[in-house]
There are 2 protein chains.
Amino acid sequence: MDKTNLKFTLEEYQQRITKTRSAMQKRGIGLLIVSDPSNMAWLTGYDGWSFYVHQCIVLALDGDPLWYGRGQDANGAKCTVFMEHDHIIGYPDHYVQSTERHPMELLSSIIQERGWGKHSIGVEMDNYYFSAACYASLTQNLPNATFKDANGLVNWQRAIKSEKELEYMRIAASIVQKTHTHILERVEPGVRKNELVAEIYHSLIKGVDGHGGDYPAIVPLLPTGADASAPHLTWDDKPFQKGEGAFFEISGCHHRYHCPQSRTIYLGNPPEKWRNAEKAMLEGIDAALTAARPGNTCEQVEDIWRKVIGKYGIEKESRCGYSIGLSYPPDWGERTMSFRPGDKTVLQENMTFHFIPALWFDDWGLEITESFIVTAKGAEPFCTTPRELFVKN
Amino acid sequence: MDKTNLKFTLEEYQQRITKTRSAMQKRGIGLLIVSDPSNMAWLTGYDGWSFYVHQCIVLALDGDPLWYGRGQDANGAKCTVFMEHDHIIGYPDHYVQSTERHPMELLSSIIQERGWGKHSIGVEMDNYYFSAACYASLTQNLPNATFKDANGLVNWQRAIKSEKELEYMRIAASIVQKTHTHILERVEPGVRKNELVAEIYHSLIKGVDGHGGDYPAIVPLLPTGADASAPHLTWDDKPFQKGEGAFFEISGCHHRYHCPQSRTIYLGNPPEKWRNAEKAMLEGIDAALTAARPGNTCEQVEDIWRKVIGKYGIEKESRCGYSIGLSYPPDWGERTMSFRPGDKTVLQENMTFHFIPALWFDDWGLEITESFIVTAKGAEPFCTTPRELFVKN
């Protein structure tokens with residue numbers, strides 16, 4: 001392939017594979033089937049909107065990984081992965097969404113042929129792209145293999161970011177920050193939500209300083225008024241109203257690396273309860289970001305946040321953050337660490353998180369969030385977007 | 001809830017449920033767990049970007065369906081589903097992406113409590129949102145139930161569209177058609193791909209005639225030059241080049257209903273082989289659309305297409321179309337019917353398809369596609385976008 005397309009050096013891909021193999025060996029896994037598109041991309045560079053059909057990376061303990069996917073996507077693999085073309089295997093189209101045959105049947109034969117049929121095989125049991133049918137097919141067609149749940153195995157290797165990864169995330173940060181500025185300028189009573197989303201997308205994809213934007217793994221979320229108590233509603237074509245607040249949870253994305261950030265805008269004069277929640281939230285964010293330094297655990301960061309908002313009489317059940325980086329739909333989180341009770345992961349330098357201390361009440365919601373890097377001095381936010389409840393009168 | 005948010009009448013939802021129950025009974029299924037967000041929306045109206053955590057609709061043979069999902073998304077369910085609030089069940093946040101507990105454990109208890117623990121339970125085995133771990137959890141926690149593969153069961157009920165569904169698809173069609181006009185105006189050598197995608201998104205979401213656009217289930221696909229042999233590559237920030245062709249596979253979307261369409265644009269004077277492929281393609285499309293009438297089968301339509309392009313010495317392995325309608329990422333297809341050998345589904349009035357006779361060669365590709373409704377007189381295309389290879393000199 002034209003290796004100039006690669007987003008990282010060959011050395012970086014090799015380091016990732018070495019790290020992953022070491023984790024496989026610790027878990028007694030001889031062959032890893034990687035179905036998560038984010039993990040596929042991280043290990044090999046593969047990129048394409050082809051995850052709506054079955055595909056995976058097959059990683060043994062030696063040799064280059066194999067890309068396995070739909071025949072028509074093999075060309076996309078040739079354009080994007082670091083491996084030579086003989087490590088790219090396409091399956092015929094009659095395996096696609098068929099009721100008679102499953103792509104994992106053919107993969108099982110390939111695994112048999114290569115002498116891996118008696119291996120301990122790791123599979124991502126709880127991934128979107130590893131369905132119950134995939135597992136049923138593999139276990140049936142590889143009766144001599146043993147299967148282990150390797151969910152999150154690769155995701156965990158991704159926790160600490162390289163300099164190049166941080167560079168991409170910083171570009172994503174510039175994109176999201178620019179877009180929040182644009183939103184604040186443009187939102188006002190009477191503007192229809194879909195019209196503003198059209199501009200948000202325009203800004204996110206256009207990018208900044210010659211760096212193009214990629215599609216974020218989650219669409220812009222901007223519930224307003226009472227709907228803002230429902231964090232994952234998307235937009236409609238109704239106008240923004242005076243006397244309502246809306247939050248804008250969006251992410252910049254560059255080369256599939258994300259920097260999400262949310263800001264809330266009140267159209268009018270915010271009620272006292274909004275100002276109180278803002279005060280609690282900002283104090284909580286300050287405390288949590290200071291605590292987010294190497295050596296502290298995820299649950300300690302959450303505990304500090306919880307205590308601050310508790311002083312203000314506010315409780316929040318849901319987690320207040322998660323790790324971020326490379327991602328594909330439907331989630332821009334890394335699905336490893338969360339800021340919540342019980343998560344005893346110790347923070348290390350160059351881990352990256354989205355701190356999202358959202359407060360969703362019965363009929364309104366406030367979201368002011370920060371994505372950050374863990375540094376020796378505590379959290380270093382990716383963005384300098386003013387941290388406050390925005391008000392437009 | 002405020003039922004004015006509903007996209008369809010209560011009667012239409014009830015008809016859908018009745019139809020689905022009849023299919024359940026034919027397959028001996030007493031309880032259906034619906035994980036596909038498109039099926040969830042079609043049965044109940046549920047809408048939200050929450051499918052990155054486990055959620056489902058539980059449908060018994062009587063009573064209203066249950067919505068089951070993350071606690072923080074229960075508010076979104078209250079805003080969007082037709083059922084009363086007591087049919088909305090949220091699970092606590094410590095079930096989210098946890099290594100210790102799975103949301104299907106709690107669902108199993110609910111199923112037990114309601115006396116469904118010995119039922120024959122249908123699950124969507126090969127859906128993105130029904131992971132291997134979901135199935136493992138349910139089978140372990142409901143040892144007295146029997147499980148049946150109900151993959152596609154609801155999807156098949158969606159094949160024939162109602163008038164209201166067609167109305168939404170026609171709006172989606174206006175949106176995609178307007179966007180193709182815009183692309184043709186704007187594309188030229190030197191324009192960067194991400195800049196054009198920014199405008200494509202703007203147009204798709206802004207919508208037409210006061211009807212807002214929703215997010216399509218697949219991002220714009222626009223590989224150029226040699227990359228156009230790889231159908232699912234997304235964009236980068238490189239400029240379009242003179243002497244290259246690019247195809248633009250995009251979809252309008254309104255209330256989650258899709259109308260995909262692709263056109264190819266050649267920047268410069270197209271080589272003879274492009275013109276030959278165009279001729280074969282247009283003749284093939286004509287023949288296939290004429291054949292797409294009630295009584296003919298999917299494979300007959302494909303066979304007619306294949307014979308036409310065969311005359312021109314062209315072969316295509318992959319399917320040349322699939323059914324469309326309501327959808328969520330990662331796929332805008334309905335995952336039921338395909339135009340390909342072996343698909344003996346008989347076409348009926350008001351079925352809707354994306355006919356995509358794409359030709360991907362080794363180092364170039366041509367995509368001219370049509371979405372259409374099956375009518376008594378044959379296919380009625382949704383759009384009137386000129387059907388030809390666009391050329392910009």
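In this predicted model, Arg256(B) sits over the face of Tyr215(B), 3.7 Å from the ring centre. Such a charge counts as sitting over a ring if NZ of Lys or CZ of Arg is within 6 Å of the ring centre and within 35 degrees of the ring normal. Chain A offers another case, with Arg16(A) over the face of Phe8(A) at 4.2 Å from the ring centre.

A word on bookkeeping: residues are numbered from 1 along each chain as its sequence is written, and chains are lettered from A and ligands numbered from 1 in the order in which they are written. As the model is predicted, local features need pLDDT of at least 70 and side-chain atom pairs count only at pLDDT 80 or more, while totals for chains, interfaces and linings use all residues; side-chain values use heavy atoms, leaving out hydrogens and water.

Rings also meet rings. Rings of Phe, Tyr and Trp (its six-membered ring) pair if their centres lie within 6.5 Å, and the pair is stacked with planes under 30 degrees apart, edge-to-face over 60 and tilted for the rest. Over all chains, the count comes to 55 aromatic pairs. One of them is the tilted pair of Tyr46(B) and Trp67(B), at 5.3 Å centre to centre and 50 degrees between the planes. Tyr46(B) lies in the loop between α2 (37-44) and β2 (56-60) of chain B and Trp67(B) in strand β3 (residues 66-70), so the pair ties together parts 21 residues apart in sequence. Helices (H or I, at least four residues) and strands (E, at least two) are DSSP runs, numbered from the N terminus. Tyr46(B) is buried at 4% relative accessible area, and Trp67(B) is buried at 0%. Here buried means under 20% relative accessible area, exposed over 50% and partly exposed in between (1.4 Å probe, protein chains only).

Phe339(B) and Phe355(B) make an edge-to-face pair, because their ring centres are 5.9 Å apart and their planes are at 65 degrees. Phe339(B) is in the loop between β10 (333-338) and β11 (352-355) of chain B, Phe355(B) is in strand β11, and the pair links these distant parts, 16 residues apart. Both residues are buried.

Over in chain A, Thr44(A) belongs to helix α2 (residues 37-44) and is buried at 0% relative accessibility. A polar atom of the Thr44(A) side chain lies 3.1 Å from the backbone nitrogen of Tyr46(A). Beyond neighbours within four places in sequence, Thr44(A) is in contact (heavy atoms within 4.5 Å) with residues including Tyr13(A), Ile57(A), Pro65(A) and Phe82(A).

Cys259(A), in strand β8 (residues 257-267) of chain A, is likewise buried, with 0% relative accessible area. Its C-alpha is 7.6 Å from that of Phe382(A), although the two are 123 residues apart in sequence. Among the contacts of Cys259(A) outside four places in sequence are Met169(A), Ala172(A), Ala173(A) and Val176(A). Those four also appear among the buried residues of α7(A), a helix spanning residues 163-186.

As for chain A as a whole, there are 10 helices and 16 strands. The radius of gyration (over C-alpha atoms) is 22 Å, close to the 21 Å that the globule rule gives for 393 residues, so chain A is as compact as a globular protein of that length. That rule is 2.2 Å times the number of residues to the power 0.38. Buried residues make up 64% of chain A.

Key: A polar contact is a pair of N or O atoms within 3.5 Å; within protein, one must be able to donate a hydrogen and the other to accept it, and residues adjacent in sequence count only if both atoms are side-chain atoms. The expected span of a helix is 1.5 Å times one less than its number of residues.
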